[in-house]
Amino acid sequence: EVQLVESGGGLVQPGGSLTLSCAASGFTFSTYGMIWVRQTPGKGLEWVAGINNDGSTTSYVDSVKGRFTISRDNAFRTLNLQMNSLSPEDTGIYYCSKRTYSSGYYYSDAWGQGTQVIVSP
């Protein structure tokens with residue numbers, strides 16, 4: 001059974017930092033790309049960052065470029081999201097997701113339960 005378990009969320013002041021982690025099990029972690037997605041009150045569900053299977057390629061939504069860093073440790077089957085210079089607009093529930101490629105398309109076929117991030121004075 002595929003399982004993704006996020007952790008590391010919490011309450012942080014504007015300008016602060018948090019590191020989210022996603023522990024993966026039930027599949028060969030090192031062969032799949034992974035993404036972070038967030039659900040925010042203002043924008044709904046938003047893709048935040050992605051990383052390929054070996055960590056050599058990353059991508060980010062413009063609003064987090066230069067502030068967030070996605071990384072992975074395939075030996076420990078862990079996906080991370082380092083978030084710096086947090087603002088209230090980053091408040092939301094953060095989900096990690098496993099990406100699968102089939103018939104010419106990438107899609108998410110597994111999600112974690114989410115971890116809440118609240119950025120507030």
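Strands are taken here as DSSP runs of at least two E residues, numbered from the N terminus. The model is predicted.

By this assignment, residues 34–40 form strand 4, and Thr-40 belongs to that strand. Thr-40 has a relative accessible area of 9%; because buried means under 20%, Thr-40 is classed as buried. A polar contact links the side chain of Thr-40 to the backbone nitrogen of Lys-43, at 3.1 Å. When neighbours within four places in sequence are left aside, the contacts of Thr-40 are with Glu-89, Thr-91 and Gly-92.

Four strands make up an open sheet in the order 1-3-8-7, and their pairing is antiparallel. Strand 1 (3–7) and strand 7 (68–73) occupy the edges. Each of these two has a single partner strand, so one side of each lacks a neighbour in the sheet. From one strand to the next, the twist averages 15 degrees. Six bridges join strand 7 to strand 8 (residues 78–83) in the antiparallel sense. Phe-68 is positioned opposite Met-83 of strand 8.

The segment before strand 1 contains Glu-1. The relative accessibility of Glu-1 is 78%; since the exposed class begins over 50%, Glu-1 counts as exposed. Glu-1 nevertheless touches Ser-25 and Gly-26, with residues up to four places away in sequence not counted. The C-alpha atoms of Glu-1 and Ser-25 are 7.7 Å apart in space, and the two residues are separated by 24 residues in sequence.

Key
Residues numbered from 1 in each chain as written. Predicted model: local features only at pLDDT ≥ 70, side-chain atom pairs only at ≥ 80, totals over all residues. Heavy atoms only, no water. Pairing = 2+ DSSP bridges. Axes fitted to C-alpha atoms, helices over the stretch in contact; angles between N-to-C directions. Buried < 20%, exposed > 50% of the residue type's maximum accessible area, 1.4 Å probe, protein only. Polar contact = N/O pair within 3.5 Å; in protein donor to acceptor, adjacent residues only side chain to side chain. Contact = heavy atoms within 4.5 Å.
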